[in-house]
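I opened the model to look up its charged pairs, one helix packing and a few single residues. The entries below follow the order in which I checked them.

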Amino acid sequence: MGSILRFRKLSYLAPVKLHTEKKVEQEKKAVDVPNPCFSPEPTKRALAPTVRRSGGKEWRCMDNCCWMIGFLCTTWWLCLFLFNCLPATLPGFQAPESPGVRLKREGITALHPVVMVPGIVTGGLELWEGKPCAEDLFRKRLWGGGFTEIIRRPLCWLEHLSLDNETGLDPPGIRVRAVPGLVAADYFGPGYFVWAVLIENLAKIGYEGKNLYMAAYDWRLSFQNTEIRDQALSRLKSKIELMYVINGYKKVVVVPHSMGVVYFLHFLKWVETPPPVGGGGGSGWCSKHIKAVMNIGPTFLGVPKTVSNLFSGEAKDVAFLRAMDPGVLDSEMLGLQTVEHLLRAGRTWDSIVSLLPKGGETIWGNLDWSPEENHACDLSKRKPLGERNSTDGNAKRSALKEPVKYGRMISFGKAAAELPSSLLPSLDPKVRRGKTTTKKNSTSSCSEVRTEYDEMNREIIGKIAENKAYTARTVLDLLRAVAPKMMKRAEAHFSHGIADNLDDPKYTQHYKYWSNPLETKLPDAPDMEIYCLYGIGIPTERSYVYKQSPSSRCKSIPFRIDTSVNGDRGESCLRGGVSFVDGDESVPVLSAGFMCAKGWRGRTRFNPSGASTYVREYRHKPPASLLEGRGAESGAHVDIMGNVGLIEDVMRVAAGATGLGIGGDRVHSDIVRMSDRINIRL
């Protein structure tokens with residue numbers, strides 16, 4: 001806000017020169033010059049291309065933007081001020097009793113130490129060394145703060161958040177590191193909580209610095225690189241061992257969120273593996289030190305929206321903005337090209353590849369089948385699990401003319417999303433082999449390469465669209481074709497398949513398998529409990545309908561989501577080029593719940609010691625009014641961190657309760673039915 005006001009001050013307080021007669025004559029001759037803030041009009045209107053305020057100052061487009069931002073900020077702060085001034089005793093203004101206060105009254109106190117592991121983008125990053133454009137930002141937050149630097153110097157900011165495109169580590173002359181401590185991820189920005197509500201409630205029953213820890217790490221890096229560069233895994237191991245000792249040899253409760261779930265899964269295998277690759281803790285380390293792992297919004301099997309983010313730099317919201325006003329994100333005149341810049345930076349973050357769908361067609365379906373078939377698109381009308389019967393499924397099947405083919409993660413055109421697979425062409429061999437780039441000695445018509453699309457043979461771009469539909473298996477070939485540098489670098493750290501034989505030494509010796517629950521075993525810790533805690537009841541992105549971009553200019557992304565595509569019926573799951581399923585708005589139920597519902601349930605080859613697993617779902621309930629903020633019963637991917645039911649479950653387990661003690665499984669979705677439809681060897 002301060003930056004905006006300073007910018008306006010500079011704009012308005014510039015000295016105004018007096019117009020001489022000669023100057024006026026020159027202005028009259030220049031009236032035919034078009035003003036970029038106004039559309040071309042007849043000559044009569046051109047005589048007054050700008051509006052003059054009192055004092056002779058011109059009213060410009062930038063002034064409109066500044067006034068609009070100032071108006072919105074002022075209105076927001078005024079409403080916040082009035083809300084805090086109103087008496088708390090007024091009806092409707094009483095804050096509900098927090099879980100911490102209620103549990104403290106019941107006699108619940110801190111027992112087991114708690115370690116929190118943040119997910120992608122929610123942890124703060126600060127600058128330790130930078131280029132001249134960032135010389136005044138030493139140890140200031142570049143990410144997870146006020147984000148004023150985006151307005152002041154967007155390209156400099158983006159350059160410092162990008163990693164080296166060859167190594168996946170720091171670019172020369174730049175060092176950005178994770179913010180340490182609880183403040184690393186308590187708030188993402190001013191007033192936007194992530195872990196703050198959970199931390200506050202834990203404090204009410206006795207938690208503090210000695211038994212509460214935030215395992216902050218640089219979420220841009222591949223998981224093994226956080227150890228190679230920052231020794232983040234070694235520091236986490238030492239901290240857990242220390243908390244175990246100083247808290248009376250009580251085992252630790254670990255609470256990861258989002259991508260932090262697969263990051264900690266990587267840690268569980270790393271800590272048992274001998275050095276130099278692993279932490280050298282031995283096979284009994286987890287059984288000795290960890291009581292429970294309470295995974296919030298888990299991304300065990302990947303997130304489909306990661307595919308669209310890496311393919312075209314967009315998801316549902318970005319595609320909608322592009323359709324409404326393409327000039328905002330794609331303007332060449334203003335030099336914005338926001339999506340291209342974000343895609344270029346995002347493809348240097350290897351951690352994003354850990355979120356690509358895992359398990360291929362076995363888990364996510366093929367061209368004709370998927371576990372979510374006959375999914376009820378209107379989640380608000382779906383009956384609770386206990387009220388359904390077998391006829392509900394049959395009635396739904398008869399109502400659907402043709403089930404949505406969710407297995408086709410990317411389809412080019414609505415027809416390709418619906419046609420029988422026999423009518424679709426096979427994947428082009430050049431795309432499968434990744435032979436899509438131009439030769440190094442060829443001359444590019446683009447003066448600067450912003451994304452790997454500018455290195456592609458333009459003829460191959462048409463071939464990609466001709467192959468119409470891509471599944472969870474072939475979409476990896478697609479990404480290897482359009483982003484070969486990123487995939488070559490990142491696939492040395494991550495794998496997305498299903499292990500045939502988990503006793504093969506490669507699965508224990510190479511770290512690229514450790515974050516994939518389908519290619520690694522849980523530790524030998526039969527008393528350790530695994531929880532899958534996630535929200536349901538929110539439409540969540542599952543597959544996309546694409547089209548070729550109409551723009552052929554350089555530095556542009558040749559593909560985009562076709563927002564004009566919708567289903568044939570009003571309640572269709574296909575809206576704005578995106579097909580939706582049940583989930584928490586970011587992670588589908590299938591990815592969040594399958595491992596706890598089936599993959600690890602009982603003694604399986606993925607869970608040889610038979611550690612107990614529990615599925616706890618939280619039905620989304622939006623806030624009834626603006627006064628409720630983001631809601632105390634939200635099931636959204638980040639907002640669930642303020643869900644009172646989830647907070648109470650975490651606190652009770654931290655205070656010594658078991659999974660059965662808090663009620664065991666609580667399932668509202670179709671995760672059990674979907675899991676049964678997946679044919680995987682256990």
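**Salt bridges**

I looked first for linked charges and found Asp170, Arg177, Asp218, Arg220, Arg229 and Asp230 joined in a network of salt bridges. A salt bridge here is a side-chain nitrogen of Lys or Arg within 4 Å of a carboxyl oxygen of Asp or Glu. This is a predicted model, in which local features need pLDDT of at least 70 and side-chain atom pairs count only at pLDDT 80 or more, while totals for chains, interfaces and linings use all residues. Residues are numbered from 1 along each chain as its sequence is written, and side-chain values use heavy atoms, with hydrogens and water left out.

I took the pair Arg177 and Asp230 next: their closest N and O atoms are 3.6 Å apart. Arg177 lies in strand β6 (residues 175-178) and Asp230 in helix α9 (residues 223-230), so this salt bridge ties together parts 53 residues apart in sequence. Helices (H or I, at least four residues) and strands (E, at least two) are DSSP runs, numbered from the N terminus. Arg177 and Asp230 are buried; buried means under 20% relative accessible area, exposed over 50%, and partly exposed in between (1.4 Å probe, protein chains only).

Asp218 and Arg220 also form a salt bridge, with 2.8 Å between the closest N and O atoms. I noted both Asp218 and Arg220 as buried.

I then checked Asp368 and Arg408, whose side chains meet in a salt bridge at 3.7 Å, N to O. Asp368 is in the loop between α17 (360-364) and α18 (390-399), and Arg408 is in the loop between α18 and β12 (410-412), 40 residues apart. Asp368 is partly exposed at 41% relative accessibility, whereas Arg408 is buried with a relative accessible area of 1%. For the structure I recorded 30 salt bridges.

**Helix α10**

How do α10 and α11 pack, and at what angle? I read an angle of about 75 degrees between α10 and helix α11 (residues 259-272), with the axes 11 Å apart. Axes are lines fitted to C-alpha atoms, for helices over the stretch in contact, and angles run from 0 to 180 degrees between N-to-C directions. The two helices, α10 and α11, are therefore roughly perpendicular, the term for 65 to 115 degrees (under 35 is roughly parallel, over 145 roughly antiparallel, the rest oblique). The contact (heavy atoms within 4.5 Å) involves residues including Leu233, Leu236 and Ile240 of α10 and Phe264, Phe267 and Trp270 of α11.

Ile246 is in α10 (residues 232-246) and is partly exposed, with a relative accessible area of 46%. I found Ile246 in a nonpolar surface patch of about 390 Å² together with Leu242, Val245 and Tyr249. Patches are made of residues with over 30% relative accessible area and no salt bridge; like charges are joined within 9 Å, nonpolar side chains (Val, Leu, Ile, Met, Phe, Trp, Tyr) within 5 Å.

**Tyr192**

I located Tyr192 in strand β8 (residues 192-193), partly exposed at a relative accessible area of 35%. Leaving aside neighbours within four places in sequence, Tyr192 contacts Tyr187, Arg630, Val638 and Asp639. The C-alpha atoms of Tyr192 and Gly629 are 9.9 Å apart, with their places 437 residues apart along the chain.

**Whole protein**

I counted 27 helices and 19 strands. Of the 682 residues, 50% count as buried.

Conventions. Accessible areas come from the Shrake-Rupley method with a 1.4 Å probe; for residues, only the protein chains shown count as cover.
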